[in-house]
Amino acid sequence: MNRALVDPIADTVLYEGYILYPYRPSVKNRQRWTFGGLYPEAYCREHSDEASANQTEVLVRGTAATSIEAVVRFLHLTQRIVGATNPPLPKRSRGGELPFRPVETLRLGEQTLQTWQEAEEREVAVEEVTVGELSSRPRLVSFTFPGGRLSEPIHHGLAGEVAALLIRVQQAIAGSIEIQATQITEGLFRLTCRVENRTPASEIALTPPVQPRDKALLCSLISAHTLLGVRGGEFVSLLDPPECWREVAAACRNVGVWPVLVGAEGQTDTMLASPIILYDYPQVAAESPGDFFDGTEIDEMLTLRILTLTDEEKRAMAAVDEKARDLLARTETRAREQFGLHGTIRESRPTAEDSTHG
């Protein structure tokens, strides 16, 4: 699996919808994380439109000795709470968390602090295993990521008083990956990979309280997708399979994902099971200046919108998190060099009609 070729596409999938224009707290950004979320099963029982698992089924040409590797990637959310200390507390070391009053936004001079949900990348790899082994017994890999709570004092004023706290709360999450193979005919196997959120139901205590969906998101696998690699064989395109295998390809049952071939055009050793619809061999445009986190928009349009933000709106954008700050800085420093539309501009040639008006 050539991760250097695959990761730019996988990262785009991972952060699709991470933060949407206007890139600051808004009604639009209160409904982020809409793609590829795997929620706790207890939450899904009460919300039938959400899922706790996804399933990838693809076809592999090879033998029992053909090797398979799998990598599952997702975002693990952290609730960031802004706490005001009113009045500001003296700068001193002290055990335990300082008393605070939770607020949505806090302005300290030129600095703006914003309550928000951050995200941390997670990755779980399944060690290489042969198709023969997967045919005789499925491979099950369980994983957990711990939670935690951190408090960061924010100093302000000449005396360096503690004027605010940034409290970051991350819930523990657990899940599993199960891979199995079934021989369809000589030299052809169906590979099934199922990813499940197995985070147990728990009461999450947050101050201030959050909405049920936001609480469930903290225990979810966000933008979950799977990378599959093959050695000693090749994957079969499900979008354009050979005529003799069209019915077999159509029978593959994919739930919540769309598997496509990725890498250089013509390569058949890697597949990406994406939570958003893609075609075989998707590419990030070379002209794209960087992540905009909103694949439904045009880079140039978003660039122009960012440039027209007021100073106050830019401060609010910068307060969101590091990715928003980086987007703002990158856009302001490079935008004027990126105004050309994506694609190649070729030399225009006169037509017969032009010559009649010359």
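**Exercise 1. Find which residues Ile-179 touches, leaving aside residues up to four places away in sequence, and place Ile-179 in its core.**

Solution. Begin with the contact criterion, which asks for heavy atoms within 4.5 Å. By that criterion Ile-179 touches Ala-70, Val-126, Leu-134, Pro-138, Arg-139, Leu-191, Thr-192 and Cys-193. The model is predicted, so local features need pLDDT of at least 70 and side-chain atom pairs count only at pLDDT 80 or more, whereas totals for chains, interfaces and linings use all residues. Residues are numbered from 1 along each chain as its sequence is written, and side-chain values use heavy atoms, with hydrogens and water left out.

Next, recall that a nonpolar core is a set of buried Ala, Val, Leu, Ile, Met, Phe, Trp, Tyr and Cys residues joined through side-chain atoms within 4.5 Å, where buried means under 20% relative accessible area, exposed over 50%, and partly exposed in between (1.4 Å probe, protein chains only). The largest such core has 37 residues, and Ile-179 is listed with Phe-74, Ile-177, Leu-191, Leu-221 and Phe-235 as having the most contacts inside it. Strand S11 (residues 188–197) gives the most to this core, with 5 residues. Apart from it lies another core, of 16 residues, including Leu-75, Trp-116, Leu-218 and Ile-222.

**Exercise 2. Describe how strand S10 pairs with S7 and with S11.**

Solution. Strands are DSSP runs of E with at least two residues, helices are runs of H or I with at least four, and both are numbered from the N terminus; two strands pair if DSSP finds at least two bridges between them. On one side of the account, 7 bridges join S7 (residues 139–145) to S10 (residues 173–185), and these strands run antiparallel; Thr-144 has Ala-174 in S10 as its bridge partner. The pairing of S10 with S11 is also antiparallel, over 10 bridges, and here Ser-176 has Glu-196 in S11 as its bridge partner. Finally, S10 and S11 form a hairpin with 2 residues between them, and Gly-187 in the turn has a positive phi of about 85 degrees.

**Exercise 3. Classify the ring pairs Tyr-39 with Tyr-43 and Phe-143 with Phe-145.**

Solution. Rings of Phe, Tyr and Trp (its six-membered ring) pair if their centres lie within 6.5 Å, and planes under 30 degrees apart count as stacked, over 60 as edge-to-face and the rest as tilted. The whole structure holds 4 aromatic pairs. The centres of the Tyr-39 and Tyr-43 rings are 5.3 Å apart and their planes stand at 25 degrees, so this pair is stacked; both Tyr-39 and Tyr-43 are buried. For Phe-143 and Phe-145 the centres are 6.1 Å apart and the planes stand at 55 degrees, so this pair is tilted. Phe-143 is buried at a relative accessible area of 7%, and Phe-145 is buried at 15%. Ring pairs also bring in Phe-74, which is linked with Phe-143 and Phe-145 into a cluster.

**Exercise 4. Decide whether Cys-44 and Cys-244 are buried or exposed, and state how many disulfides the structure has.**

Solution. Cys-44 has a relative accessible area of 12% and is therefore buried, whereas Cys-244, at 62%, counts as exposed. With a disulfide taken as a pair of cysteine sulfur atoms within 2.5 Å, a search of the whole structure finds 0 disulfides.
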